[in-house]
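Reader: I'd like to learn how to read strand pairing and burial from a model. Can you walk me through it?

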Amino acid sequence: MNVEIGALQAIAREKNLSFETVLEAMEGALANAYKRSNSDAEEARVVIDRGNGEVTVFAQRLDEDGNVVDEWVDTPADAGGRMIAQTVKQVLTQRLREAERELTYGEYSGKQGDLVTGTIQIHDNRVVVLDLGNAEAVLPVAEQVATERYEHGARMRAIVTEVRKSMKGPQIIVSRSHPDLVASLFRLEVPEIEAGTIEIRGVAREAGYRTKIAVATHDPAVDPVGACVGPKGTRVRSIVEALNQEKIDIVTWSAEPAQLVANALSPAKVSEVYLYPEDQTALVVVPDYQLSLAIGREGQNARLAARLTRWRIDIKSETQFAEEQAAFQAALDRGEIDEYGNPIEPGADTGEATAPVEE
């Protein structure tokens, strides 16, 4: 009995599997078919010659523990017809499908955090399915962006967040709302990031509305913000389009917390930054006309800056700050508060020496 090696090679190419995987699947399928047609066989092993396709079936006898105690050649005379027909139709297809699933899982399990591009195939009950070419990915409701519309047939990029095993094969979970999506798009568009000259140090995102990304350079001759913006804004514009016009603020990373906080509040201009490390708070003073810009619509700019820097940010205008400082100094002069702003009870000991009262 022989199998056609050329046909198995064609199956391997069609299924994008290794030739050895297909051969092993065929051997297992033939062994299964042999046991079905031979009720006396306890177990069987099939070997296919890799050169000429000759099939050899080894019948096996097992002991009570399932160990092989005897083995002999028992290739059926009619194997070339009946065995091949039922094997290809029933068992081989299933084994190849399982091999494909394992291959797909192995490919994508190592791609968590990677950027993928797919075509929207299904959008039902708010669950979106992307066709990645050799696999399908699921975009759950929780990973979608509220401001985006997902239309059938549209091309879309997403980030792989998880790969699960299931009865129907690997389940690839992707996201459009994860901050890593923005970072991955910058790595794709900015060669200096891929080369390691520029480093992404932090991303804060409110998906669909605005993102702040902090970048640093390892080469003083390279402007990290300018490189990310690109010539005439081409690089960042491409990313904005991929994110459906989401606003992006690119700021320079600084190892100095005060400077980092000031940079993170871009596009607002900052006058002063006072740090209070004990409660990780930064008091930021801005020109009066910059106050609304620094805070942002519904506090968005300040909120994203706080996430990016990991400092609580309190923003005051120059006028407000000056008035509060004047009020503080006046209260201090009147002895109502101490230098830390704590109230002083009337008649409390301030630590000053007093002259003794003469009788």
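Author: Let's start with pairing: two strands pair if DSSP finds at least two bridges between them. Strands (E, at least two residues) and helices (H or I, at least four) are DSSP runs, numbered from the N terminus. Here strand 7 (residues 155-164) pairs with strand 8 in the antiparallel sense, over 5 bridges. This is a predicted model, where local features need pLDDT of at least 70, side-chain atom pairs count only at pLDDT 80 or more, and totals for chains, interfaces and linings use all residues. Residues are numbered from 1 along each chain as its sequence is written, and side-chain values use heavy atoms, leaving out hydrogens and water.

Reader: Which residue is the bridge partner of Glu-162 in strand 8?

Author: That's Ile-173. Val-138 also stands opposite Ile-173, and strand 6 (residues 136-139) pairs with strand 8 in the parallel sense over 2 bridges.

Reader: Why is strand 8 largely enclosed by the rest of the structure?

Author: Look at burial: buried means under 20% relative accessible area, exposed over 50%, partly exposed in between (1.4 Å probe, protein chains only). In strand 8 (residues 171-175), 4 of the 5 residues are buried, so the strand is largely enclosed.

Reader: And Glu-27 in helix 2 (residues 19-37), is that residue buried or exposed?

Author: Glu-27 is buried, with a relative accessible area of 12%. Its side chain makes a polar contact (a pair of N or O atoms within 3.5 Å; within protein, one must be able to donate a hydrogen and the other to accept it, and residues adjacent in sequence count only if both atoms are side-chain atoms) with the side chain of Arg-50, at 2.5 Å.
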